[in-house]
Amino acid sequence: MPSAQKLAQRMAAWLPQGEGLVVELGAGTGVVTQALWARMNKVEQLWVVERSTDFASHLNMKFPDVNIVCGDASDLSVLIPARPVDIIVSCLPFRSFSEREILSITRQWHSVLAPQGIVVQFTYALNGADKFLKYGFYEHAHEYVWRNIPPARVQVLKASRT
Ligand SMILES: C[S@@+](CC[C@H](N)C(=O)[O-])C[C@H]1O[C@@H](n2cnc3c(N)ncnc32)[C@H](O)[C@@H]1O
């Protein structure tokens, strides 16, 4: 089931003020993309990566002015030429990924993010702030969105300093 608009809006609320490079991962039918698009001053600074070819073509039709890339988030640094990324908005289903996939994707986050960049990720797991710690990200903030089916938690992650 696509995310509720409320969840999409709470994720989009973390967009930087003014300009900034934004990457969305796992857009599906585009609920979160729509919320990001509506808040962007320069929509050409929004890049969307979606693995499914069907969803990617749907997104291309729905958002002709957005950079839609059909590909895997584990190839992010090759798929997205623009740098550095100010915010990654991730709708990826991490709970269904293997350790290897998570490691590969989070390495890509480290490689493209600006030093002060953030990752905004939603999860249906309402507890457990430390999931991303071993991949070099800590939870800077979180928010519950009850008006979603199922209720979700928006996590804002920052790269740990080593
Ligand atoms: C839970 S859905 C979220 C869809 C939409 N953003 C929403 O919130 O309703 C996850 C999406 O991530 C895509 N996806 C899954 N694994 C991916 C990967 N490794 N790289 C890019 N997209 C992926 C799926 O095709 C699916 O569209």
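Which residues do ring pairs link into a cluster? In this predicted model, the cluster takes in Phe 94, Phe 97, Trp 109, Phe 132 and Phe 137, joined up through ring pairs. Counting through the whole model gives 7 aromatic pairs.

One of these pairs brings together Phe 94 and Phe 132. Their ring centres sit 5.2 Å apart, and the planes meet at 85 degrees, which makes the pair edge-to-face, since anything over 60 degrees falls into that group. As for where the two rings come from, Phe 94 belongs to the loop between strand S4 (85-90) and helix H5 (99-112), while Phe 132 belongs to the loop between strand S5 (113-123) and strand S6 (137-145). The two parts are 38 residues apart in sequence, so the pair ties them together.

Are these two rings buried or exposed? Phe 94 has a relative accessible area of 4%, so it counts as buried, because the limit for that label is under 20%. Phe 132 is buried too, with a value of 3%.

A further pair is made by Phe 122 and Tyr 124. Here the centres are 5.6 Å apart and the planes are 50 degrees apart, and the pair is classed as tilted. With a relative accessibility of 10%, Phe 122 is buried, whereas Tyr 124, at 32%, is partly exposed.

Back at Phe 132, in the loop between S5 and S6, there is another link across the sequence to look at. Leu 103 is 29 residues away from Phe 132 along the chain, yet the C-alpha atoms of the two are 9.7 Å apart in space.

Now for the ligand. Where does the ligand sit? It occupies the largest pocket, with 17 residues around it. The closest of these are Ser 3, Gly 26, Glu 50, Asp 72 and Ala 73.

Some of the contacts can be followed atom by atom. In the side chain of Glu 50, an N or O atom lies 2.6 Å from an oxygen atom of the ligand. Gly 28 brings in its backbone instead: one of its backbone N or O atoms is 3.3 Å from a ligand oxygen. Ala 73 also uses a backbone N or O atom, this time at 2.9 Å from a nitrogen atom of the ligand. As for cover, the ligand on its own has 590 Å² of accessible area, and the protein covers 85% of that.

Note on methods: Residues numbered from 1 in each chain as written. Predicted model: local features only at pLDDT ≥ 70, side-chain atom pairs only at ≥ 80, totals over all residues. Heavy atoms only, no water. Phe/Tyr/Trp six-rings, centres within 6.5 Å; stacked < 30°, edge-to-face > 60°. Helix = DSSP H or I, 4+ residues; strand = E, 2+ residues; numbered from the N terminus. Buried < 20%, exposed > 50% of the residue type's maximum accessible area, 1.4 Å probe, protein only. Near = heavy atom within 4 Å. Polar contact = N/O pair within 3.5 Å; in protein donor to acceptor, adjacent residues only side chain to side chain. Areas by Shrake-Rupley, 256 points an atom, 1.4 Å probe, with all protein chains shown as cover. 1 Å grid on protein atoms, 1.4 Å probe; cavity = no way out; pocket = protein on both sides within 12 Å on 5 of 7 lines; lining within 4 Å. Sits in = over half its atoms within 2 Å of the grid points.
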